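Here's a quick briefing to keep beside you while you turn the model around on screen. Have a look at the chain, then work down the bullets by topic.

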Amino acid sequence: MKKVLGLLLLCCFCALSLAGCQKNDLPKSAIVMQIASYSSSVEQTFSLPANTDYYRDNGVDKQTISEYVEAFTTSVKTKIWNKIFLNYFLIYSQNPSAEFALDGDQIILNQAKYNASTDTVSFSFVFKSIAAWNYYHPSTSNEETEGNQENGISFVDVNSSSGIFPFAQLSADEPVGYVYAKLIQDEKEKFFPVQLVSEEPKVSFVYDYATTHKRVHSNADYVYSGTLYHHVWIADYDELSEDKTIELYTVNAVRGWWYLTALLIALLVAVVGVIVIYALKKRKPKVKNNIK
């Protein structure tokens, strides 16, 4: 009974976390990586902030800002998009499959572009099937299945996976997030005064895992729902050296045991009812017939 109550409390906590956070709570000036997992496809999106409003508000002319945006977009294409593409190409070359070719129908490659409405440079890789995503992302996370077990009986299955916060993963002995941040800073220093660049608030880092499944839970910093259920992890610039992990899990009832338990409870109620009725009949006094 204690285990069942604990499970119910866990479900209530997760429901409250979904209701408490909104997309507006997320930082506006952040380098964002999003994995959107749909029923039959996965979209991987990267977004890097240009933060042109900051420089416009500090007196930088329109022409300089326009030149910076163009150079920044080109830099993202050549130094980030190309590198990720080459990583995928390496995976493909090690195990070629015509079905999952990078120029085929299963993969859509969206090149880096500047988006004025969000003031970011972003790009994406769209995998049109779960099989295509798995082909280019062989599982390296720790996964396990657990349950509340006693004498071999399991009422719930807990499927979990974990990994390192993406921007904290090392690239040449430093977090990859620092590599992205330095790329942005280097481009800004080519067009804007160094002091102005140094006084700009440092970027933060956001990993957003979005899924259609409501039963997915996590250790995310924020959770909110819209078209998808979003699990969001955030780290400030100075936090990337810390051990920040991503944890996802699902809790599923083992229906067979729950149905059996319900059946046993119903049977127990029926047996108790029969016993009570029998006991009442035994205690009922007999009426003597005095009519002669």
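**How the long story starts: helix α3**

At the start of α3, the backbone nitrogen of Gln63 has a side-chain oxygen of Asp61 within 3.2 Å. That pair is a polar contact, meaning N or O atoms within 3.5 Å; within protein, one must be able to donate a hydrogen and the other to accept it, and residues adjacent in sequence count only if both atoms are side-chain atoms. Bear in mind that this is a predicted model, where local features need pLDDT of at least 70, side-chain atom pairs count only at pLDDT 80 or more, and totals for chains, interfaces and linings use all residues. Numbering runs from 1 along each chain as its sequence is written, and side-chain values use heavy atoms, with hydrogens and water left out.

**The chain overall**

- The secondary structure adds up to seven helices and 15 strands; these are DSSP runs numbered from the N terminus, with helices being H or I of at least four residues and strands being E of at least two.
- Out of 292 residues, 36% are buried; buried means under 20% relative accessible area, exposed over 50%, and partly exposed in between (1.4 Å probe, protein chains only).
- Take the contacts with a separation of 6 or more: 67% of them join residues 24 or more positions apart, a contact being heavy atoms within 4.5 Å.
- About 18,600 Å² of the chain is exposed, with carbon and sulfur atoms supplying 56% of that area; the areas come from the Shrake-Rupley method with a 1.4 Å probe, and for residues only the protein chains shown count as cover.

**More on α3**

- With 33 residues, α3 reaches 47 Å from first C-alpha to last, close to the expected 48 Å at 1.5 Å a residue; the expected span is 1.5 Å times one less than the number of residues.
- There's a bend of about 35° in α3 at Lys77, taken as the angle between axes fitted to the seven residues ending there and the seven starting there.
- Glu70 sits in this helix, which covers residues 62-94, and counts as exposed because its relative accessibility is 59%.
- Val121 is 51 residues from Glu70 along the chain, yet their C-alpha atoms are 9.9 Å apart.

**Nonpolar cores**

- In the largest nonpolar core, which has 57 residues, the members touching the most others are Phe72, Val76, Phe123, Tyr136, Phe165 and Tyr180; a core is a set of buried Ala, Val, Leu, Ile, Met, Phe, Trp, Tyr and Cys residues joined through side-chain atoms within 4.5 Å.
- α3 gives this core its largest share, 10 residues.
- A separate core of six residues includes Leu26, Val206, Tyr224 and Val232.
- Beyond its neighbours within four places in sequence, Phe165 has contacts that include Phe205, Tyr207, Trp233, Leu240 and Ile246.
- As a rule, nonpolar side chains tend to be buried together in soluble globular proteins.

**Helix α5**

- The 14 residues of α5 (176-189) should span 20 Å at 1.5 Å a residue, and the end C-alpha atoms agree at 20 Å apart.
- Its buried residues include Tyr180, Leu183 and Ile184, but also Glu187 and Lys188.

**Strands β11 and β13**

- Ser204 belongs to β11, residues 204-211, and is buried because its relative accessibility is 7%.
- A polar atom of the Ser204 side chain lies 3.4 Å from the backbone oxygen of Ser29.
- Outside the four places either side in sequence, Ser204 is in contact with Pro27, Ser29, Ala30, Ile31, Ala235 and Asp236.
- Val223, in β13 (222-225), is buried too, at 9% relative accessible area.
- Val223 and Asp208 are 15 residues apart in sequence, with 9.4 Å between their C-alpha atoms.

**Loops worth a look**

- Ala172 has a positive phi of about 55° without being a glycine; this residue is in the loop between β9 (170-171) and β10 (174-175) and is exposed at 71%.
- Asp173, in the loop between β9 and β10, has a positive phi near 70° and is exposed at 75%.
- Asp119, in the loop between β3 (107-115) and β4 (120-127), is buried at 11%.
- Contacts of Asp119 outside its neighbours within four places include Pro49, Asn51, Asp53 and Tyr114.
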